[in-house]
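This report describes how the strands and helices of one protein chain are arranged. Please keep the sequence and the structure in view while reading.

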Amino acid sequence: MIAIVIASHGNLAKGLLQSATMIFGKQTNIATVTFEEKETPDDLIIKFQTALSKFDSADAVLFLVDLWGGSPFTVASHFVSQQPEQMAMITWVNLPIVMDAFTIRDQPLDKVVDHLEKSGQKGIRHFEPETGHKGA
């Protein structure tokens, strides 16, 4: 089963995990990493190392990160770059993506990443009161 690290600026990661747990139930092999004001990238490295130390070294790891190019992304990308067969990262994390990841984390990492990319692209929708949805 894929281990998941949810990472964000501020407490978004903790909030996403709390909300997903309310809806989906408690999960194992999940960690959150938060980047707080006045912390440095070195602080983040330690937080990511601590999160990863909670998992079995054989676990594939999926990082779900808030912003492309932000500090959590930059630090996590170094871990992913060191072990690209065992680690992957998706950005612009939101509650539906976290819950979706929970449902398919027993599949191979590359399939999970492909699925989450596609579902994330389909996830933004515009509600129109007259029809209840937009287009397709």
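## Contacts between α1 and α4

In this predicted model, helices α1 and α4 touch through residues on both sides. Helix α1 contributes Leu-16, Leu-17, Ser-19, Ala-20, Ile-23 and Phe-24. The residues of α4 that they meet are Leu-95, Val-98, Met-99, Phe-102 and Thr-103.

Two packed helices are described by the angle between their axes and by the distance between those axes. Helix α1 covers residues 12-24, and helix α4 covers residues 95-104. Their axes come within 9 Å and cross at roughly 55°. Because of this angle, α1 is oblique to α4. The crossing in which α1 passes α4 is right-handed.

## Contacts between α4 and α5

Helix α4 also meets helix α5, which spans residues 109-123. The axes of α4 and α5 come within 10 Å, and the crossing angle is roughly 145°. Here too the crossing is described as right-handed.

Which residues form this contact between α4 and α5? From α4 come Ile-97, Asp-100, Ala-101 and Ile-104. In α5, their counterparts are Val-112, His-115, Leu-116, Ser-119 and Gly-120.

## The sheet

Strands of a sheet pair through backbone hydrogen bonds, in either a parallel or an antiparallel sense. In this model, 4 strands form an open sheet in the order β2-β1-β3-β4, and the pairing is parallel. Strands β2 and β4 (residues 87-91) stand at the edges; each has a single partner strand, so one side of each is left without a neighbour in the sheet. From one strand to the next, the twist averages 20°.

At one edge, β4 pairs with β3 (residues 61-65) in the parallel sense, over 5 bridges. Within this pair, Leu-62 stands opposite Ala-88 of β4.

## Strands β1 and β2

Strand β1 (residues 3-9) runs parallel to β2, and 6 bridges join the two. One pair of bridge partners consists of Ile-6 and Thr-32, the latter in β2. The chain passes from β1 through helix α1 to β2, and this β-α-β crossover is right-handed.

Is strand β2 mostly covered or mostly exposed? Strand β2, residues 30-35, is mostly covered, with 5 of its 6 residues buried. Buried here means that a residue has under 20% relative accessible area. Thus β2 combines two descriptions: a place at an edge of the sheet and a mostly covered set of residues.

How values were computed:
Residues numbered from 1 in each chain as written. Predicted model: local features only at pLDDT ≥ 70, side-chain atom pairs only at ≥ 80, totals over all residues. Heavy atoms only, no water. Buried < 20%, exposed > 50% of the residue type's maximum accessible area, 1.4 Å probe, protein only. Pairing = 2+ DSSP bridges. Right-handed = clockwise from strand over helix to strand, strands pointing away. Axes fitted to C-alpha atoms, helices over the stretch in contact; angles between N-to-C directions. Parallel < 35°, antiparallel > 145°, perpendicular 65-115°, else oblique. Left-handed = near helix turned anticlockwise from the far one by under 90°. Contact = heavy atoms within 4.5 Å.
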